[in-house]
Each structure stands twice: as structure tokens, then as C-alpha cells.
Amino acid sequence: MTVIRTGVHKPEVRLRWDPSPLGEPPRHLDIVAATYSVEDPHGGPVYVVHTESRSPDGTINMTRHSETGQGFGFVEVMVLELDRLAPSFGRVVVGVVIHQDGGRRTFGDITHAGTLIVEKYSELLADDFSTVSTATAMTLCEFTRDGAGQWELHGRIQGFDSGPVEFPRQMGASGQA
């Protein structure tokens, strides 16, 4: 999937999934964002944002979080204030990872899962994880700065076989620019 949208300022990444059936361990998914420097856009992340880790400059925030999928509609939301990121940042990669508590789970095991990226009232990207059904983590998109300093959205659906600890180190090294 290749979606390119130029001039993105303050996107919101939304995630939904159904809770586990009665008697099963909770299904817990997380949105993860990793920032990369202009000098090394495919190297190690400068910082990673998820539920347990905040952005030091306050530009990327989790505004809603669920550890079970319970609730109506999108139960986890991350807001990225790209225009407020320092000029030293040239790339932000966003993904989703499944916690593996209670046994291995893939996106194919999660019912009614999906993600949506919006800015104000415009839908920028949507995915139901069907192309990464055997994966335990996936990159959803990346935001990069163009020559004029405007942020562009690129859809980058790619599955990984990793968990919450390994995934942030792998997600930006995919070499997809």
C-alpha cells in the first residue's frame, strides 16, 4: 500500500479491536511511534513513544489507551504534532504491536481489529491488518519531511514477528524510504 499525502500537520492514529472471549487472557495491542534524526533516518530511533514511554518534547502523545480492547469504537489513540517536532527530526514511523501475554497471538487472531489515521475530518489511511494476519507486530506508516520541510505520510504496511521489546528497535530499520 502506498499512500502519499503532503502537508500533514497533526494526525491522529486510532486503533480498535475486540476484547478476548470470556476466560481467555486479555488481548492487548499498542500503538508505537519512533522518531529518527535527519542525519540517520534509518538508524536507531532518537526516542520511542508508546503507553509506557512519552515523548520528551510533548509532540507525540497517547490520548487514549486500552489494555483489553473494551470500549466503543477506537479504544487507543495517539496524536502526533508533527509541526512542533524539531527540525533535527526527519522521519517518524508508526506501528502496532500485540503483547504476547498468555501465548502467541497474531493479527489474524484478533477480531474486528483495525486502525485509522485522520487529520481533522479527513481520513488519511485505514487498515484491517488482513495483509499482516500472521504477524505479531506491524509498521503502519511513516511520516517524512520533504525538501520544503512539509511532512508527508507514506503507507508502509509490513509485518514483523516480534514483541513490544524488540519491535521498536526493528520498525524503523526496514529501509523503506
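1. Start at a turn. S10 and S11 form a hairpin with 5 residues between the strands. In that hairpin, Gly-149 takes a positive phi near 90 degrees. Keep in mind throughout that this is a predicted model.

2. Now follow the two arms of that hairpin. S10 and S11 are antiparallel and share 8 bridges. One bridge pair to find on screen is Phe-143 with Leu-153 in S11. S10 covers residues 137-145, and S11 covers residues 151-160.

3. Is S11 enclosed or open to the outside? It is largely enclosed by the rest of the structure, because 7 of its 10 residues are buried. On one side S11 has S10, as the strand order shows. S11 also pairs with S1, again in the antiparallel sense, over 3 bridges. There, Ile-4 stands opposite His-154 in S11.

4. Step back to the whole sheet. It is open, has 6 strands and pairs them antiparallel. The order across it is S1-S11-S10-S7-S3-S4. Which strands lie at the edges? They are S1 (4-6) and S4 (47-49), and each pairs on one side only. Neighbouring strands are turned by 20 degrees against each other on average, with direction ignored. Trace the order slowly; the strand numbers do not simply run one after another across the sheet.

5. Look next at S7 beside S10. These strands run antiparallel and are joined by 7 bridges. Val-97 faces Ala-137 of S10 as its opposite number. A general rule helps when you view any such strand: in a regular strand, side chains alternate between the two faces of the sheet.

6. Now the interior. The largest nonpolar core has 36 residues. Which members touch the most others? They are Leu-80, Val-92, Val-94, Phe-107 and Phe-143. Strand S7 (residues 89-98) gives this core its largest share, 5 residues. A second core of 10 residues lies apart from it, with Val-48, Val-97, Ala-137 and Phe-160 among its members.

7. Val-94 deserves a closer look. Beyond residues up to four places away in sequence, Val-94 touches Val-13, Ile-31, Val-32, Ala-33 and Leu-80, among others. The list also includes Thr-139, Leu-140, Cys-141, Phe-143 and Met-171. Select Val-94 and then its partners to see how one residue meets many parts of the sequence.

8. Move to S3. Thr-35 lies in this strand, which spans residues 29-37. Is Thr-35 buried or exposed? Its relative accessibility is 0%, so Thr-35 counts as buried. Its contacts, leaving out residues up to four places away, are Pro-45, Val-46, Tyr-47, Ile-60, Phe-89, Arg-91 and Val-92.

9. Loops deserve a check too. Asp-83 sits in the loop between S6 (76-80) and S7. Outside four places in sequence, Asp-83 is in contact with Val-8, His-9 and Trp-151. Its C-alpha atom is separated by 19 Å from that of Val-32, which is 51 residues apart along the chain.

10. Two residues other than glycine also have a positive phi. For Lys-120 the angle is near 55 degrees. Phe-129 has about 70 degrees. Lys-120 is in the loop between S8 (114-119) and S9 (122-127), whereas Phe-129 is in the loop between S9 and S10. Which of them is buried, and which exposed? Lys-120 counts as exposed, because its relative accessibility is 76%. Phe-129 counts as buried, because its relative accessibility is 1%.

11. Finish with the chain overall. Its secondary structure comes to 1 helix and 11 strands. In sequence order the pattern is β-β-β-β-β-β-β-β-β-β-β-α. The C-alpha trace spans about 50 × 35 × 30 Å along its principal axes. The radius of gyration is 15 Å; a compact globule of 177 residues would have one near 16 Å, so the two agree.

12. A few totals complete the picture. Of the 177 residues, 49% count as buried. The chain exposes about 8100 Å², and carbon and sulfur atoms supply 51% of that. Among contacts between residues at least 6 apart in sequence, 68% join residues at least 24 apart.

Methods:
Residues numbered from 1 in each chain as written. Predicted model: local features only at pLDDT ≥ 70, side-chain atom pairs only at ≥ 80, totals over all residues. Heavy atoms only, no water. Core = buried A, V, L, I, M, F, W, Y, C linked by side-chain atoms within 4.5 Å. Buried < 20%, exposed > 50% of the residue type's maximum accessible area, 1.4 Å probe, protein only. Helix = DSSP H or I, 4+ residues; strand = E, 2+ residues; numbered from the N terminus. Contact = heavy atoms within 4.5 Å. Pairing = 2+ DSSP bridges. Axes fitted to C-alpha atoms, helices over the stretch in contact; angles between N-to-C directions. Rg over C-alpha atoms; globule rule 2.2 N^0.38 Å. Areas by Shrake-Rupley, 256 points an atom, 1.4 Å probe, with all protein chains shown as cover.
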